[in-house]
Amino acid sequence: MENSEKQVCAIKTSVGGQALIEGIMMKGPYKSAMAVRKPDGTIEVEEWETEKMTGIKKVPFIRGIFNLIDTLIKGYKCLMKSAEAAGQEEEPDKFELWLNKTFGKAAGGVFNAIVTVLAVVLCLGLFIVIPSAVASFFGKFTDSKLALSAIEGVVKMAVFLAYIIGVSKMEDIRRTFMYHGAEHKTIFCYEKGLDLTVENIREQIRFHPRCGTSFLLIVLIISILVSSLMTWENLVLRVMLKVISVPVIVGIAYELIKFAGRHDNLLTRIISAPGLWLQRFTTQEPDDSMIEVAIAAVTPVLPENREDGAW
């Protein structure tokens, strides 16, 4: 029977995931799961209940920041678990040994907290402090706030693109991006109502409008627009205002990506276009073994009633 004859009602699904080290994490409306290819070739699958967003966490334009924090926390935990399952954990260095000796069982939590703080500081430095400082330097040559905002935006976008393109050239990251492609292709296959087979998934495209890469790029573009309205009189005040505005920017970006994922028209295609282009670097074509991992990760999280997972 042809694939077209096997199709059921196509939907836009809320089921989504994240590429891991030799694996994939998938999140459904009721259950979540991660599947990792172990060194012996078998696939290890772990399942858990999906935490519901309630109260203020469901309010439009506010839910975005809560979803981002939740995704980062759970994504990091799954990433660490996948490294262990895939046999890619490294021997602890002197700092990790000191943490284990000093904090005992709490060492893992302390280490994760330190990594999180460093990551936040790095992001603030790369995408807020440095672009503002570079633009302020050019303030010696022009009084145009529009020109300074444009320079800041160019620097911010250049840093982001250089990072994405740079890491995409690394062999280990390239494999993770291949799993990213497998995740997208599997979601597309499910949305079309096709059977989740390697053959059907292989035929799908790997660029999805609800991708986290698209979300980050939209956040970046909105931050450039919002920053253009802020004062240039005081660099410290400008940086503080930009930090304070992050939850607002994330909230707007989340609603835009959600809207683009639900509809297919000229406006949503314009919104999605930059992110879809960037996915040429953050996703790669997977091999069949990676698609098998994606199937193992998504199968446990799919609701019995397809409509329960509608986006």
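This report walks through the salt bridges, strand pairing, nonpolar cores and a few notable residues of a predicted model.

## Salt bridges across the chain

Let's start with the charged side chains. Side chains of opposite charge can pair when their charged atoms come close. In this predicted model the count comes to 16 salt bridges. One of them joins Glu46 and Lys81, whose closest N and O atoms are 3.1 Å apart. Glu46 sits in strand S4 (residues 43–49) and Lys81 in helix H2 (residues 63–85), so this pair ties together parts that are 35 residues apart in sequence. Both ends of the bridge can be found at partly exposed positions: Glu46 has 31% relative accessibility, and Lys81 has a relative accessible area of 40%.

A second pair to look up is Arg210 with Glu191, where the closest N and O atoms are 3.6 Å apart. Here the link runs from the loop between helix H7 (198–202) and helix H8 (212–227), which holds Arg210, to helix H6 (residues 171–191), which holds Glu191; the two are 19 residues apart. Are these two residues buried or exposed? Arg210 and Glu191 are both buried.

## A bridge between H12 and H7, and a network

Asp288 and Arg202 make another salt bridge, with 3.0 Å between the closest N and O atoms. Asp288 belongs to helix H12 (residues 288–298) and Arg202 to helix H7, so that distant parts of the chain, 86 residues apart, are linked by the pair. Asp288 is partly exposed, at 34% relative accessible area. Arg202 is partly exposed as well, at 41%.

Some salt bridges share partners. In this way Lys27, Glu51, Asp70 and Lys74 are joined into one network.

## The S3–S4 hairpin

Which way do strands S3 and S4 run relative to each other? Strand S3 (residues 31–37) and S4 are antiparallel, and 7 bridges join them. If you want a pair to pick out on screen, try Arg37, whose bridge partner in S4 is Ile43. The two strands form a hairpin with 5 residues between them. In the turn you will find Gly41, which has a positive phi of about 95 degrees.

## The loop between S4 and H2

Moving on along the chain, the loop between S4 and H2 contains Phe61 and Ile62. Most residues other than glycine have a negative phi. Phe61, however, has a positive phi, near 70 degrees.

Ile62 is partly exposed, with 33% relative accessibility. Together with Ile56 and Val59, Ile62 makes a nonpolar surface patch of about 220 Å².

## Two nonpolar cores

Now for the inside of the model. The largest nonpolar core has 23 residues. Which residues have the most contacts inside this core? They are Ile24, Met26, Tyr179, Ala182, Ile291 and Val301. Strand S2 (23–27), S3, H6, H7 and H12 each supply at least two of the core's residues. H12 gives the largest share, 8 residues.

Ala182 is a handy place to start exploring. Leaving out residues up to four places away in sequence, Ala182 touches Ile24, Pro286, Met290, Ile291 and Ala294. Apart from the largest core lies another one, of 11 residues, including Val219, Ile249, Val250 and Ile257.

## His180 and Glu22

His180 is placed in helix H6. This histidine is buried, with a relative accessible area of 10%. What is His180 in contact with, once its neighbours within four places in sequence are set aside? The contacts are Ala19, Cys211, Thr213, Thr282 and Thr283.

Glu22 lies in the loop between strand S1 (16–20) and S2. Although Glu22 is not a glycine, its phi is positive, at about 55 degrees. Glu22 also counts as buried, because its relative accessibility of 14% falls under the 20% limit for buried residues.

Terms used: Residues are numbered from 1 along each chain as its sequence is written. This is a predicted model: local features need pLDDT of at least 70, side-chain atom pairs count only at pLDDT 80 or more; totals for chains, interfaces and linings use all residues. Side-chain values use heavy atoms; hydrogens and water are left out. A salt bridge is a side-chain nitrogen of Lys or Arg within 4 Å of a carboxyl oxygen of Asp or Glu. Helices (H or I, at least four residues) and strands (E, at least two) are DSSP runs, numbered from the N terminus. Buried means under 20% relative accessible area, exposed over 50%, partly exposed in between (1.4 Å probe, protein chains only). Patches are made of residues with over 30% relative accessible area and no salt bridge: like charges are joined within 9 Å, nonpolar side chains (Val, Leu, Ile, Met, Phe, Trp, Tyr) within 5 Å. Accessible areas come from the Shrake-Rupley method with a 1.4 Å probe; for residues, only the protein chains shown count as cover. Two strands pair if DSSP finds at least two bridges between them. Contact means heavy atoms within 4.5 Å. A nonpolar core is a set of buried Ala, Val, Leu, Ile, Met, Phe, Trp, Tyr and Cys residues joined through side-chain atoms within 4.5 Å.
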